[in-house]
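Colleague: Before I plan anything around this model, please take me slowly through one part of it, residue by residue. I would like to see that part placed in its wider setting, with each term explained where it comes up.

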Amino acid sequence: MPINELIDRVIEECGGDVHGALRALLLINERLEAELQYCREQMQPDRRTLH
């Protein structure tokens, strides 16, 4: 789906409230960034143990 259609869909789902749509997208982005950071941390070798 083209990006403009996705934007229109998000705004529509927020009842036409552009500010609300932006807020929702920013919150989702923060959540995804936190999950990505967690995954990165899980992939790093454990530096507390000696090999």
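Modeller: Relative accessible area sorts residues into buried (under 20%), exposed (over 50%) and partly exposed (in between), using a 1.4 Å probe and protein chains only. This is a predicted model, in which local features need pLDDT of at least 70 and side-chain atom pairs count only at pLDDT 80 or more, while totals for chains, interfaces and linings use all residues. Residues are numbered from 1 along each chain as its sequence is written, and side-chain values use heavy atoms, with hydrogens and water left out.

The part I will look at is helix α1, which spans residues 3-13. It belongs to a chain with two helices and zero strands, these being DSSP runs numbered from the N terminus (H or I over at least four residues for helices, E over at least two for strands). The C-alpha atoms of this chain, taken along the principal axes, fill a box of roughly 55 × 20 × 10 Å, and buried residues account for 4% of its 51 residues. About 5100 Å² of the chain is exposed, with carbon and sulfur atoms supplying 58% of that area; such areas come from the Shrake-Rupley method with a 1.4 Å probe, only the protein chains shown counting as cover for residues.

Start just ahead of the helix, with Met 1, which sits in the segment before α1 and counts as exposed because its relative accessibility is 61%. When residues up to four places away in sequence are not counted, Met 1 touches Leu 6 and Arg 9, a touch or contact being heavy atoms within 4.5 Å. Leu 6 itself lies in helix α1 and is partly exposed, since its relative accessible area is 35%. Met 1 and Leu 6 also join Ile 3 and Ile 7 in a nonpolar patch on the surface, whose members have about 400 Å² of accessible area together. Patches take residues with over 30% relative accessible area and no salt bridge, joining like charges within 9 Å and nonpolar side chains (Val, Leu, Ile, Met, Phe, Trp, Tyr) within 5 Å.

Arg 9, the other residue touched by Met 1, brings us to the charged side chains of the helix. Its side chain meets that of Glu 13 in a salt bridge, with 3.2 Å from N to O; the term asks for a side-chain nitrogen of Lys or Arg within 4 Å of a carboxyl oxygen of Asp or Glu. Arg 9 and Glu 13 are four residues apart in helix α1, so about one helical turn separates them. The two partners fall into separate accessibility classes, because Arg 9 is partly exposed at 46%, whereas Glu 13 is exposed at 61%.

Val 10 follows, also within helix α1, and with a relative accessible area of 24% it is partly exposed. Leaving aside neighbours within four places in sequence, Val 10 is in contact with Ala 21 and Leu 25. The C-alpha atom of Val 10 is also separated by 9.4 Å from that of Gly 20, which is 10 residues away along the chain.

For comparison, helix α2 covers residues 18-43 and holds Arg 31 and Glu 35 four residues apart, which means that about one helical turn lies between them. Arg 31 and Glu 35 form a salt bridge as well, their closest N and O atoms being 2.9 Å apart, and a search of the whole structure finds two salt bridges. In this pair Arg 31 is exposed because its relative accessible area is 55%, while Glu 35, with 37%, is partly exposed.
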